[in-house]
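The following paragraphs offer a guided reading of a molecular structure for a reader who has not met it before. Please keep the sequence and the structure in view while reading.

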Amino acid sequence: MSLTLEHYLLLSAALFTIGAVGLVTRRNVIVLFMCVEIMLNAANLALIAFSRFHLMADGQMFAFCVMAVAAAEAGIGLAIMVNIFRHKKSLLVDDLNVFKN
Amino acid sequence: MPWLTLIVLSPLAGALLLAFVPSEHKEAHRMVGGFFALLSLLFFLPVAAGFDPSQAGMQFTSAAENVAWIPSLGARYHLGIDGLSLWLVGLTTVLGVVAAMAGVNSIQTASRTYYAGLLTLLTAVLGALCSLDLLLFALFWELMLLPLALLVGTWGDRQRVAAATKLFVVTLVCSMPMMAAIFYLWVKGGSTSFDLADIAATAQGLPVGVQQALFLAFCLAFFVKLPIPPLHTWLPEAHAQTSTAGSFVLGAIVFQAGTYGLIRFAIPLFPDAVYWAAPAIGILSAFAIVYGALIAVTQRDMKKMIAFSSVSHLGFITLGLFAINQVGMTGALVQSLAHSVTAGALFLLAGVLIDRYESRSVDDYGGLAAKMPVFAVLFVFLIMAYAGVPGLIGFVGEFLVLAGAAGSWAFSLTPGNVHFGSLPTGPDTTALVIAFVAGLRVVVGAIYLLGLTKRLMLGSVTGSRFSKTTDVTWAEAAPLIPLVFLSLWVGLQPGFFTSRMDASVKGLLSGLVENSTLAKETAANMAAQQETVANWNRDGRSPEAWPLQRKQAAANGGAAAEGHTAQPGAANQGGHP
Amino acid sequence: MNVEQVLFYLFAVGAIAGCSGVVLSRNPINSAVSLVAAFFFLAGNYVLLHANFMAIVQILVYAGAIMVLFLFVLMLLNQRDEELGPRTFSIAPLLGIFAAAVVSVTIGAGFMSYRNATANFPGEVPLSFGTAEQIGRSLMTTHLLPFELVSLLLLVGIVSAVVVAKRRL
Amino acid sequence: MNTVATGLLAPLLLLPLAGAVLNGAVGRFLPKSLSAAIGILSIGAAFVVALLATLQLHGLPGAEAYGAAALTQDLAEWINVGPLVASWALHFDAVTAIMSLVITGVGLLIHLYSAGYMHDDEGLAKYFAYLNLFVAAMLSLVLADNLVLLFLGWEGVGLVSWLLIGFWYKDAEKVDAANKAFIANRVGDLALMLGVFLLFGLAGTVHIGGLRDWASHMSPEQLTAAGTLLTASTLLLFIGCTGKSAQIPLYVWLPDAMAGPTPVSALIHAATMVTAGIYLMVRLNFLFILTPFTLSVVAVIGLLTALMAGAIGLVQNDIKKVLAYSTISQLGFMFLAAGVAAPAAAMFHLVTHAFFKALLFLGSGSVIHALSGEQDIRRMGGLGQVLPSTSKTFLIGCLAIAGFPLTAGFFSKDEILWGVLNNQQVLGSPGLSAVLFPLALFAAFLTALYMFRLYFTVFAGEQRLTDEAKSHLHESPAIMTGPLWVLAILSLVAGFAGLPHFTGLHNHFHHFIAPVIAPTEALVRSVYGPESGAIWGCVGAGTAAGLSGMGLAFVLWGRGGETPARLAAAWPRLHALVLNKFYIDELYALTFGKALQVKSRVYDLFVDNLVIDTVAVGGAGWLSTFSGQLIGRLQNGNLQRYITIAFIGLAFVLFLIARGGVTP
């Protein structure tokens, strides 16, 4: 039995779930960011696997774009984090709730 | 020329342009904001000039404004205007300019946000008023919320963010059922078109029960925008907390979309449901009118007072619309214009004082007429316009709505068998009671509006804070001038406006009767009764018509009666020989 | 099991372990380092999929640039250890985990049912597949618009990062 | 309808308006004499136009025909929505002619007087602008050819009355009086509006001519069917009249309205605006005659008002308040006349009353002016020698109002009394008349009594002035006494325009307005036939009532003495009751005023805040607030909760897809 598409897709799903679980359980905003990165990478893996499956480069193009988005996101996001930390002295989501009365 | 597109999108172009103007250049923001608002108004002029009053259907529907938008869903970019929307669009463009002028005085910080938000909001409102595609309408409808929340939440008092959030959440949630209803209709119609005509055909073919549910979903979205109690709780808070310009936008521009939604969508789409709901909505409106007015009486916060008064004033719109006759519906549209002009003006007037002395409480003022004569003249004039003094704008709307409501058979609780009291052609009792209750605003309104005038303007000057008060500046008075002008124009020549609504309103009404079994039955019933009356009339005038004479005749016996009643004409000859 | 399979499982376990490390470790720096490791394993999988260019980019951009940024920020802000587990009991995270699991299972099931297990990879892979040349050509021709948009996005990202970091809140 | 188009009506309406606009816009920058001249000339010109129009009307052929001859002028479209058509269209018939001559004529005299009375006031231009605006509004009321335009004038005069009562707005009490007047008027206006709606619903038109056609062409079945609603509509119209014309139950504003400048009281609150109700009843007499029940209500209310106001007027000590209650009482007389289907008498009394009541008010203004603002009659007295012109003209006014033989009031009051005696059957209950006539005589007696109490207290006896008033004591200038004399002469001779028929002389007045009141006349004549014998008795009774009132007043107050005080002491409760105006104001304040406040508070605090806003669940505000709170709980800013919800949603969607229920 050789490797099939499903192998990669299952791996992708597993990584996505791990990222999702982290997203709902962790409190540190930077760690939440990392979890988002994990989920993005899970998506990338699926895209590249499909690209291999269809022998078309489009999937890799998508992954490439995702990566660029992730980079931009990390840049801005971390800048905001720094600012928030300066202001609030904390990066825990419980302390960052601006809506709370 | 695609005039409607130009009207709708020119403010948005201004908003985009503002993004490139640095935030420090206040003057530039005002210029851009004012210019693009004015541009929209200028584009409206050819539409008003070219509008054909005799035509009931949509006008200015050029091919360029009926193109595929989201082909896979069947949504189209389809604009049009008719007598129902003409003046709402026109007034919105005027009020856009007024709001831009109001911003000069009221908005001192973050002026770019204000003008960008205002222009976006104008596009959203104008787009909603011109859309003939329900998805497009829904898009513009929801687009209204963001700039609105921004305008309310950015300037004002401490609780403004909470007020803006409440506004946003309540209106958003209440518009969700309408979205669902639109999609339901879309699916029912074969998932191919959101076009108003197609959706209407689908909706009118639905069973009555479904129509009723969908009608309520639409009403919910529009009632909360107007707002009608008990959906009004977001309004006073938002008005009290936000800035003058924010209040103006909220109080004068936004609710028009609610009026329009009712008359364009909720009413024509579901004829059977409309007649089913009309008595309940009539009663609710009358309640709203009295309720808002009564609460306004004891408010000490002048903006809250105007806000509750608005609740009362806006009840006239639903009252007129659901009277479902020409007088009432035309009245409701005029009332919509009137409320925009007068309530907007009152918010601006209150704003002049609040911006100067930073207090919303009427107890902190007094005797300003002596210090600010020009302001006092404007104030009294606009208060009177708002209170519905004849000859000014407020009267026309109120009078037509009340006349329409008093003569409405739709409010009858037994509509299948309308009897109109004891007379076949006369008014229905329920309708009369509704008109009477709603009419109480004439009195209660006078009580709080005159009370407000007294506490702010008349009496002796209280305290030393007003010792150096000067009269209104041009910047403060400028936005009021178009409103004063409109108050007079509509008040003295409402025919100019209503004549352009007539054909469309008539078209709407005949469509309703055609598509509603209930209305058809009633119409037939009324026609039969009127036939009877016509037969009576053929008897012509006879002296026995007068009950006194008959009574007298009975009392005096035949001979005397004959002698006295034989020749009424003779007795008419001047009365005395 | 051929080499390819062995490598796949190796990389897969590594990636899962690395990601789990991110979620489970209390110290954010440990999380970051685990994530770097996971990225390396993923890059390995990319190679197995003949996406050589993407593998390189994964290491250069993700593991190299982005994660360094993360680490830098973490060091700068000097984050202390986070206590795991809920501070107050709340059903929400549990629901979330449950939902995530459902998502995962459903996605997996969906993929499995996709084309009914005929999802074998095509055997012949052209030599040019996944090379920098092919990607570059594609970017400059078929996918020019997305490419330009991405560049615009990155520009905006740079500018706004500077603006945000500069402004005092 | 025999109507002739004319160009005279627009100038009649627009001249005062132009004066108002001119004075309102630039009056502040003009010298005082110039603003006064603008005000006076615009009214003078309007008076000339009214005269010309009346002459033209008089020359029309067929003025005696059933459909009243009239001049008309259509100016522009106004409201035109479906069946509801109300244009800027003016209609000038006999009643309008009389009304507009009174309005502009008396108005002109009062403008002249005002120029003297107000010459020191800084707001003179504003004052004349308001006064002109009032005349314009009043003219639009009487010139209107439809009920909506009439309503415009109706509300317009109320508005200007508000402006003028509160003219000295720095005094909070005066502002309160103005607001009270406006609000009480608004209650009436609401009733009037509803009455108009009802009529519109019944007849399908608001055009007065159209309504007249409708009413005269009704078949018996229609009348029977419409009976209840028609009665309701005329009752509502009458309630409207009670607001504007200060009758029970809405009269309370008029005494307070004396806060305005005295010439204003003379013009608005005596001669013209308050007579609008009578005008409306005469104008719509063809409707009222169809509803006997309403007529009896009108008669009873009118008489009750006349009695009550007369009683209150007897004990008031403020010279203007006495006159105010006198006005209410006289208006009650007019309503009594209208109620017994004698609109000609009502109209006649309206005219004569306009003359002598304007005269009395202006005279009182002259007294107040002379005494530097003193209004309490207990601090007057003995002014006859000091103010010769004022006292003589005032005496003439008192004689006229008391019905001294051959003065104006004598003729008009007798005609009313005769109407009460003669037209009893119209009321539908003959017994009522037996009560009405003696009471009406008593009211006439009361009138003479309180008026001569006022005259004797102010002008006879010894001076009881304060020192301050004494120091400035002076007769008013010629510009003020001139109008007094003109009005005095009119009060003496105006009655001869309406000589009673039984004398065999021609009743010009009645003849002139006959076309307008033809429906009523036709009915009355057809029921009673020609007038009969008891007339001399009626005249005698009326004259005796007036003379005995005067005599009693002379006995009580003319010679000094303690009798009035002793009488008051003998019945302290009664005296207090009347002195405090039967506590009606307090009753209203307690019932309506308080109730309104309480209701407002309850709505605001309990319903709006508690029920709708707080007790959201199950309350009326369920939808807005509860759903708001629900969503608010979800949207509490907890990022992770959002994510959780998103995942749940995603899971749900995926589940649906996997189930194959929806094809994406």
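Is helix α10(B) mostly covered or mostly uncovered? The model in view is a predicted one, and in this model α10(B) is mostly covered, with 26 of its 26 residues buried. A residue counts as buried here if 20 or more other C-beta atoms lie within 10 Å of its own C-beta atom.

The length of this helix can be checked by a short calculation. Helix α10 of chain B comprises the 26 residues 244–269, and at 1.5 Å a residue these should span 38 Å; the end C-alpha atoms are 37 Å apart, which therefore agrees with the expectation. The expected span is obtained from one less than the number of residues. Along its course, α10(B) bends by about 35 degrees at B:L262.

The helix may now be placed in its chain. Chain B contains 24 helices and 2 strands, and 62% of its 577 residues count as buried. Consider the contacts in chain B between residues at least 6 apart in sequence: 80% of them join residues that are at least 24 apart. The domain assignment of this chain gives domain 1, residues 3–515, and domain 2, residues 528–559. Between the C-alpha centres of these two domains of chain B the distance is 50 Å.

The strands of chain B deserve a separate look. Strand β1(B), residues 66–70, runs antiparallel to strand β2(B), residues 75–78, and 4 bridges join the two. Within this pairing, B:I70 stands opposite B:A75. The two strands form a hairpin with 4 residues between them, and in the turn B:G74 has a positive phi of about 85 degrees.

Chain D offers an open sheet of 3 strands, arranged in the order β1-β2-β3 with mixed pairing. In this sheet, β1 (3–5) and β3 (84–92) of chain D stand at the edges; each has a single partner strand, so one side of each is left without a neighbour in the sheet. From one strand to the next, the twist averages 50 degrees. Strand β2 of chain D, residues 70–81, pairs with β3(D) in the antiparallel sense over 8 bridges. One residue to locate here is D:L71, which stands opposite D:F92 in β3(D). In a regular strand, side chains alternate between the two faces of the sheet.

Chain C, finally, is divided into domain 1, residues 1–81, and domain 2, residues 131–169. The C-alpha centres of these two domains of chain C lie 23 Å apart.

Note on methods
Residues are numbered from 1 along each chain as its sequence is written. Chains are lettered from A and ligands numbered from 1 in the order in which they are written. This is a predicted model: local features need pLDDT of at least 70, side-chain atom pairs count only at pLDDT 80 or more; totals for chains, interfaces and linings use all residues. A residue is buried if 20 or more other C-beta atoms lie within 10 Å of its own, exposed if 12 or fewer, and partly exposed in between; C-beta atoms are placed from the backbone. Two residues are in contact if their C-beta atoms, placed from the backbone, lie within 7 Å. Domain bounds come from an automatic or database domain assignment. Two strands pair if DSSP finds at least two bridges between them. Axes are lines fitted to C-alpha atoms, for helices over the stretch in contact, and angles run from 0 to 180 degrees between N-to-C directions. The bend at a residue is the angle between axes fitted to the seven residues ending there and the seven starting there.
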